[in-house]
Structure formats: C-alpha cells, structure tokens
Amino acid sequence: MKPGVWHRLDIIARGLFPAFSVFILLLINLLPISVPLLSTASPALPLMAVFYWSVNRPDLLTALTAFFLGLLQDLLTGLPLGVSSLVLLLVQTGSASQGRFFHNKSFNVMWWGFALVAVPALLVQWLLSSALIGAFLPIKATLISYVLTAVLFPLVAWVLARAQNTLLRHI
C-alpha cells in the first residue's frame with residue numbers, strides 16, 4: 001500500500017478511539033467484580049467516557065455513536081432495550097453543547113459538571129428500567145452506583161486525557 005493509505009488508516013483508527021474506549025469500559029463493567037455490600041451496584045464507566053469525550057471531542061463521539069454504544073450496553077447487560085441508548089444519547093447531546101463552558105476551566109469544574117449530569121442520567125435509567133419491567137427496582141443500587149461513578153470519574157478521566165494527549169493530539 002502507498003504511504004498515504006497508511007496515514008489515512010492511522011487517522012481513521014485514531015478517530016475511532018473514543019468509541020472504542022467507551023466499548024472497553026462497557027466490557028470492564030461486565031466483569032464479575034464482587035465487593036461486599038456493593039454486589040448489585042457498579043460504576044457507570046461508559047457514562048463517564050461518553051461525558052468526557054462529548055465535552056472534549058464531540059466530533060469523534062457523535063450522538064449516533066453514543067446511541068449505538070448504549071444499545072450494545074443494553075444487549076450485554078440485560079437492561080430493557082433502548083434505556084442506555086436514550087441515557088447516553090441525552091448525555092452526549094447535552095454535554096457536547098456545553099463543551100465551550102468547560103474549555104479552559106479547572107478539572108474540578110468538569111468533575112462537578114459530570115457529577116451533576118450523572119444524577120439525572122442514572123435516575124432516568126432507573127425510572128425507565130423500572131417502568132419497562134413493571135416494578136420499581138431497588139433505588140439503593142442506583143444511589144451506590146452514583147457515588148461510585150462520581151468518585152471514580154477523576155481516575156477514568158485521567159486515563160482518557162492521557163490517551164487523548166497521546167493519540168488524538170494531531171487529529
């Protein structure tokens with residue numbers, strides 16, 4: 001192949017990295033990690049990545065991509081079909097529109113912004129899942145999931161920021 005083809009393939013692969021990172025975090029969420037008292041709750045890792053990329057690189061993680069990743073999450077986790085799609089779509093569109101607000105602000109502002117976005121996102125997921133199942137799911141798991149999600153966001157954002165600075169600097 002010509003060198004120009006390799007360059008284009010490299011750009012395409014780098015452009016797919018945000019979606020790939022959401023997918024990897026989705027798979028990590030599926031791991032059977034058992035913590036006493038937290039067995040029914042886990043951090044919303046894909047939600048963190050969708051928020052991060054939507055604020056920092058909305059051109060590389062579009063609404064359509066967030067929708068399909070949410071659909072995949074529903075299929076893999078057993079949630080009612082469309083619940084995660086709607087939640088990730090809402091987070092992507094809302095966060096992408098606020099990217100300018102977060103630009104040149106400290107990380108703490110982004111962290112607070114994520115903590116505020118995660119509350120309605122997880123509540124919508126809980127409400128829709130409960131409605132589609134026909135019974136209220138335990139809210140305790142959602143509350144614990146929120147705390148884990150908010151607390152772990154800096155770690156996930158740090159990893160994604162390193163990847164962004166390394167892989168996406170020139171695209």
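Against which helices do the buried residues of H4 pack? In this predicted model, local features need pLDDT of at least 70 and side-chain atom pairs count only at pLDDT 80 or more, whereas totals for chains, interfaces and linings use all residues. Residues are numbered from 1 along each chain as its sequence is written, and side-chain values use heavy atoms, with hydrogens and water left out.

Helix H4 (63-77), where helices are DSSP runs of H or I with at least four residues, numbered from the N terminus, has 15 residues and reaches 21 Å from its first C-alpha to its last, close to the expected 21 Å, which is 1.5 Å times one less than the number of residues. Ala66, Leu69, Gly70, Gln73 and Asp74 of H4 are buried (under 20% relative accessible area, against over 50% for exposed and in between for partly exposed, with a 1.4 Å probe and protein chains only). They lie on the same side of H4, because they cover an arc of only 145° around the axis, the arc being that of the directions from the helix axis to the C-beta atoms. An α-helix has 3.6 residues a turn, so residues three or four places apart point the same way. The buried residues of H4 pack against H2, helix H3 (45-56), H5 and helix H7 (107-133), contact meaning heavy atoms within 4.5 Å.

On the other side of H4, Leu64 and Leu75 are exposed. After the helix comes glycine 78, whose phi is positive, near 85°. Leucine 81, in the loop between H4 and helix H5 (83-97), counts as exposed because its relative accessibility is 57%.

How values were computed
Helices (H or I, at least four residues) and strands (E, at least two) are DSSP runs, numbered from the N terminus.
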